[in-house]
Amino acid sequence: MNVAEVVGRTVAALGADHVFGVVGSGNFHVTNALVAAGARFVAARHEGGAATMADAYARTSGRVGVLSVHQGCGLTNALTGITEAAKSRTPLLVLAAETASAAIRSNFRIDQDALATAVGARAERVHSAATAVDDVVRAFRLATEGRRTVVLNLPLDVQAAEFDGEPHVPQLPALNPVAPSAAAVRELTDRLVAAQRPVFIAGRGARHAGAELRALAEDCGALLATSAVARGLFHDDPWSLDVSGGFATPLAAELISGADLIVGWGTALNMWTTRHGNLIGPGSALVQVDVESEAIGAHRPVDLGVLGDVAATAEAARTELTDRGARLAGYRDPEVRERIASAGSWRDVAFADESTSDAIDPRALTIALDALLPEERVLAVDSGNFMGYPSMFLRVPDEQGFCFTQAFQSIGLGLATAIGAALARPDRLPVAALGDGGALMGVAELETAARLGLPMVIVVYNDHAYGAEVHHFGPDGHRLDTVEFPDTDLAAAARGFGCTGLTVRSEADLAPVRDWLTGPRATPLLIDAKIAPGEGAWWLVEAFRGH
């Protein structure tokens, strides 16, 4: 067998069960080897879509994502998706064909190592037939254990080289969680005991530790919140404030800013999660728990940094509290609980419906859809002025029900995100929420969704503009013709790709959604919702402060 086959077999043997990509001559053999070894290949229509599908699959399934691309242009086409994954520390292995070392005049030749490094990914390479298995294992371990996006370059001459014998793929050792030091646990516990109004904010690094954090919060009286990417972790807890940051409800912002202790668990505590620090009150102490020392204090100075796995640290702190005989009321009193029950969701916040005769208010649209769609769903949201409405008005069942590829703030990733998440959770209804700009950027993947037969609901918040720019620059009198467009019939376009298309201008127009839900769901349903212009979304001011 040749090295290309060895690489495919090895990646499959290490646990890769899905591979996403667009196949060209350079990655043909390695992709087929993966499929022959038992992996499912998902063909996207664009490498950028394939990269985001692999990213979303990894986030939602908890398994490594695998992307296969052609040399040169295949890799550059995938670059935005790879950048998003790298910024999010998604365990993603990119199998990138590469021109042979002697092909210095090849049209496909670029510096692929430099390209990967420039966007925050790690560049690795299969060097020879003799080192092929070791090279793949090294890259795979870096992706999974190091939580990194790794571009594994596969030179064509090395791929074609003969491999003697059968590849021996070692069994990777199981790694124990990083335990916090006893001194750090004691100091964290001291702060929990002293706090009168503690709040926990959990991020992506805490998605595996929901039970441990709930238990510790109960013992010390902490309220619970998440960063946007971890939404759903505490979805059914009566003490949950939902999302901290730009998406936060008025009540959540009030209670978080009123805390005297904020503990960030596996979250960067960046400007989005803290509203540029405005959610951290002047008298509040800040603690950050993370498995990586470089993450602690990276965005904001902290009063205490704890190096350790979130679940292990929460368990250790709870044991310390128990040993001290401490069970604290903290922030949890009947009045706070009642306020959370009555005003803890954006659906509880009154608004003036700005629907018109030919366009629907995005809040009214989203609330109506939430009532129609089954609760067992996985929601993917693209970027744009609209994004807060589906993110906060559509409920999710748990942390695996929300996939938010927004670390790079690119529009156009939402549909591919939904496809990857749908394949990771085939037991749930996939819901993609897009703006018209992002929908048109990723429109090619409508064919992928239809070809795969995904029972997906795609909601396009169509204001025929880049709404964020309209609402941000419009009030100052700037010309907007660069960001406004003629209306597009996206429902008709969806039908052309093999989907079911529906145009919605009022709540009454949503009646066919119920019919689609009760039917066979044989094709994806795209809802082209004509959105009333209204005012800019509540989170927009905060967002543009970070630009």
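Two strands count as paired if DSSP finds at least two bridges between them. The exercises below apply this to a predicted model.

**Exercise 1. Work out how strand β1 is paired with β2, and which residues stand opposite each other.**

Step 1. Strand β1 covers residues 18-21 and strand β2 covers residues 40-43, and the two are joined in the parallel sense over 4 bridges.

Step 2. At one position H18 has R40 of β2 as its bridge partner, and at another G21 stands opposite A43 in β2.

Step 3. In a regular strand the side chains alternate between the two faces of the sheet. In β1, H18 and F20 point one way while V19 and G21 point the other way, and all of these residues are buried.

**Exercise 2. Place β1 and β2 in their sheet, and find the helix α2 that packs on it.**

Step 1. The open sheet consists of 6 strands with parallel pairing, in the order β2-β1-β3-β4-β6-β5.

Step 2. The edge strands are β2 and β5 (122-125), each of which pairs on one side only, and the twist from one strand to the next averages 25 degrees.

Step 3. Helix α2 (residues 28-36) packs on this sheet and touches β1, β2, β3 (65-69), β4 (92-98) and β6 (149-155), with its direction making about 145 degrees with that of β3.

**Exercise 3. Describe the packing of helix α9 against helix α13.**

Step 1. Two packed helices are described by the angle between their axes and the distance between the axes. For α9 (residues 182-194) and α13 (residues 310-323) the angle is about 65 degrees and the axes lie 9 Å apart, and the crossing is right-handed.

Step 2. From α9, the residues V185, R186, L188, T189, L192 and V193 meet T313, A316, A317, E320 and L321 of α13.

Step 3. Sorted by class, this contact holds 7 nonpolar, 2 polar and 2 charged residues.

**Exercise 4. Decide whether helix α15 is mostly covered or mostly open, and name what its buried residues pack against.**

Step 1. In α15 (residues 362-372), 9 of the 11 residues are buried, and the helix is thus mostly covered.

Step 2. Among these buried residues are R363, L365, L369 and D370.

Step 3. The buried residues of α15 pack against β13 (377-381), α16 (388-393), β16 (457-462), β17 (500-504), α22 (511-518) and β18 (525-530).

**Exercise 5. Establish how many disulfides the structure has, and whether C499 is buried or exposed.**

Step 1. A search of the whole structure finds 0 disulfides; for C499, the nearest cysteine sulfur is that of C403, 20 Å away.

Step 2. Because its relative accessible area is 6%, C499 counts as buried, whereas C73, at 39% relative accessibility, is partly exposed.

Technical notes: Residues are numbered from 1 along each chain as its sequence is written. This is a predicted model: local features need pLDDT of at least 70, side-chain atom pairs count only at pLDDT 80 or more; totals for chains, interfaces and linings use all residues. Side-chain values use heavy atoms; hydrogens and water are left out. A disulfide is a pair of cysteine sulfur atoms within 2.5 Å. Buried means under 20% relative accessible area, exposed over 50%, partly exposed in between (1.4 Å probe, protein chains only). Contact means heavy atoms within 4.5 Å. Axes are lines fitted to C-alpha atoms, for helices over the stretch in contact, and angles run from 0 to 180 degrees between N-to-C directions. A crossing is left-handed if the near helix is turned anticlockwise from the far one by less than a right angle, and right-handed if clockwise. Ala, Val, Leu, Ile, Met, Phe, Trp, Tyr, Cys and Pro count as nonpolar, Asp, Glu, Lys and Arg as charged, and the others, Gly among them, as polar.
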